[in-house]
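This report describes a set of local features in a protein structure, moving from ring packing through charged pairs to a strand arrangement and a loop residue. The sequence and the coordinates come first, and the description follows them.

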Amino acid sequence: MMERATIDILPECLIEKIVSYLSFEDAAKMSILSKTWLRSWFTHPNIEFTYPYSGRNLELMDTIMNRYRDEKIPIDKFELSYSFYSQVSQPIDKWFYIALQNGVKYVFFKGLDYSWSIFTILTAKSLTELVLECCTLMPISFSSGVTNCNSLRKLSLTRVKLDEDMLQTLLNCCPLIVSFIFNQCWGLEKIELLNLGKIKSISIKTRRRDQLVKIQAPTLEHLTYDGCLLGKLDIVEYQNLKSLDISHMKICDGFLQNIISALKDLKIQSCKGEEEIDSSNLESLEYTGYKIPKLKVARQLKHLIFNHYCSGSLKAAWFYNLRKFLSNSTSCPQVSFWFSQCNEINLTDLQLHHGVATPKVDVLNVDCTWRNGECPTFLDALLWSCHPRRLNILSTSATFKCFINRLIYMKNIYMKNLCQYSPWHGQLELKGAQVYIFDDNTSESWHSVELNREELSPDMPFYGEYSFLLDW
């Protein structure tokens, strides 16, 4: 009784506010607390249904929607998902009609191979965002005409079947959209986004390797494109483009040169082709690939993230190029490497390259899949390339012990403050380090150990996660 009294003492307006932040399902669970909580759930502005249910639950969903219709309860968000072939179009069509009549602003629909007329939804004058997944917009007839939806600002299509005519008609009747997502849709030979007068953000992931994407959008500011390895991207009128995120595409000659003068943020992931990047106007660069790119630099980047896959043996020149590349940024939050093998590095060659200051890195992630363990010169060369504040490694226990040995060696150099040492050793003085080992068998997954060989357990797992906090 005391708990019930405490719940009921809350003002009804506060309960309504609390319920509005809950999901439809969670609000339903809270409705058993009191009549006030039940009334708040009855007027919840966000409706979420997931199908399949039993016939009884389908009837319950229909009853809920009828109550919203009869009492004219406002609906802000309507989400409906079902995941198997079913003949339930009649109640679904009715529920959408009720949502439209009650002023819905956001609609999410996911239905396996469900075919319906999107233009019925677009008749709503209140609709600002429409998200469709795993349904078909074909076949469709335009004989009854198409009404513009001037309220729609965001449109998202994922794994939706449609053709070129349908896409163009859809975009033409939504002239004021500012955000468009087109993810692995099918039924099109090419994707053309033309004459989008208000668009600010476009995200495209193609389904076919040879699919052409052409974009004409002078107001476009942010573009994300995944080309499925062989896709072709053609951008026309890009004078306001500030951010470009491209992945899995072949970068043709001249593509970046033509577009990069307008960019502030560039992200490249697993692309082929052009290796030199003019970063004169860039503020941020995130690069993932198999090579260290060359930069034309007129000023330093403010932000750099670098992810690199190394599949073969490396030489001293690679580490020098890495150091030079990372030095192009005033802030380098994260660098990640995947090494399939390690090999001895001629450290004498690196002594010839002291013109570039050692870049600082916040986090250096190293995934080592080699099995031979001991590669001290390889690790020395890596830590000569950059000085990470935090070093995370995923490796065998033998490789981890090799890291420990080298860090102890570097710390001893600093502590002894030797008067005579080679220029190489002077680059690798380490003031201190904290070591952490991940163990999923304990309540605290990460536990610290001292930076000495005696603290290492002889029964360490063959492969594990390790982390170092380094003070250079």
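One aromatic cluster is formed by Tyr-287, Phe-306, Trp-318, Phe-319, Phe-325, Phe-337, Phe-339 and Phe-378. The model in which this cluster appears is a predicted one, and the structure as a whole holds 19 aromatic pairs. Among them is the pair of Phe-306 and Phe-337, whose ring centres lie 6.0 Å apart and whose planes stand at 80°, so that the pair is edge-to-face. Phe-306 belongs to strand β19 (residues 303–310) and Phe-337 to strand β20 (residues 334–339), so this contact between rings ties together parts of the chain that are 31 residues apart in sequence. Phe-337 also pairs with Phe-339, and here the centres are 5.5 Å apart with the planes at 25°, so this second pair is stacked. As for accessibility, Phe-306 is buried with a relative accessible area of 0%, Phe-337 is buried at 1%, and Phe-339 is likewise buried at 1%.

The cluster also includes Phe-378, a residue that is listed among the buried positions of helix α12. How many of the ten residues of α12 are buried? Nine of them are, so the helix is largely enclosed by the rest of the structure. The buried residues are Thr-377, Phe-378, Leu-379, Asp-380, Ala-381, Leu-382, Leu-383, Trp-384 and Ser-385.

Asp-380, one of these buried residues of α12, leads on to the charged pairs. Side chains of opposite charge can pair when their charged atoms come close. A search of the whole structure finds twelve salt bridges, and the table gives three of them, each with its distance between N and O atoms.

| Salt bridge | N to O distance |
|---|---|
| Lys-200 and Glu-221 | 3.6 Å |
| Glu-221 and Lys-242 | 3.8 Å |
| Asp-380 and Arg-406 | 2.7 Å |

In the salt bridge between Asp-380 and Arg-406, the closest N and O atoms are 2.7 Å apart. Asp-380 lies in helix α12 (residues 376–385) and Arg-406 in helix α13 (residues 397–416), so the pair ties together parts that are 26 residues apart in sequence. Asp-380 is buried, with a relative accessible area of 4%, and Arg-406 also counts as buried, at 18% relative accessibility.

The other two rows of the table belong together, for Lys-200, Glu-221 and Lys-242 are linked in a network of salt bridges. The side chains of Lys-200 and Glu-221 meet at 3.6 Å, taken from N to O. This pair links distant parts of the chain, with Lys-200 in the loop between β7 and β8 (201–205) and Glu-221 in the loop between β9 and β10 (222–226), 21 residues apart. The side chains of Glu-221 and Lys-242 meet at 3.8 Å, again from N to O. Since Glu-221 lies in the loop between β9 and β10 and Lys-242 in the loop between β11 and β12 (243–247), this pair ties together parts that are 21 residues apart in sequence. Both lysines are partly exposed: Lys-200 has a relative accessible area of 36%, and Lys-242 one of 37%.

Strands β7, β9 and β11 also make up an open sheet of three strands, which has the order β7-β9-β11 and parallel pairing. β7 (190–193) and β11 (232–236) stand at the edges, each with a single partner strand, so one side of each is left without a neighbour in the sheet. On average, and with direction ignored, neighbouring strands of this sheet are turned by 10° against each other. Strand β9 (residues 212–216) pairs with β11 in the parallel sense over five bridges, and Lys-214 stands opposite Asp-234 in β11.

A loop residue completes the account. Where does Ser-151 lie? Its place is the loop between β4 (129–136) and β5 (154–158), and with a relative accessible area of 15% Ser-151 is buried, because values under 20% count as such. A polar atom of the Ser-151 side chain lies 2.5 Å from the backbone oxygen of Leu-127. When residues up to four places away in sequence are not counted, Ser-151 touches Ala-124, Lys-125, Ser-126, Leu-127 and Thr-128.

Notes
Residues numbered from 1 in each chain as written. Predicted model: local features only at pLDDT ≥ 70, side-chain atom pairs only at ≥ 80, totals over all residues. Heavy atoms only, no water. Pairing = 2+ DSSP bridges. Helix = DSSP H or I, 4+ residues; strand = E, 2+ residues; numbered from the N terminus. Axes fitted to C-alpha atoms, helices over the stretch in contact; angles between N-to-C directions. Buried < 20%, exposed > 50% of the residue type's maximum accessible area, 1.4 Å probe, protein only. Polar contact = N/O pair within 3.5 Å; in protein donor to acceptor, adjacent residues only side chain to side chain. Contact = heavy atoms within 4.5 Å. Salt bridge = Lys/Arg side-chain N within 4 Å of Asp/Glu carboxyl O. Phe/Tyr/Trp six-rings, centres within 6.5 Å; stacked < 30°, edge-to-face > 60°.
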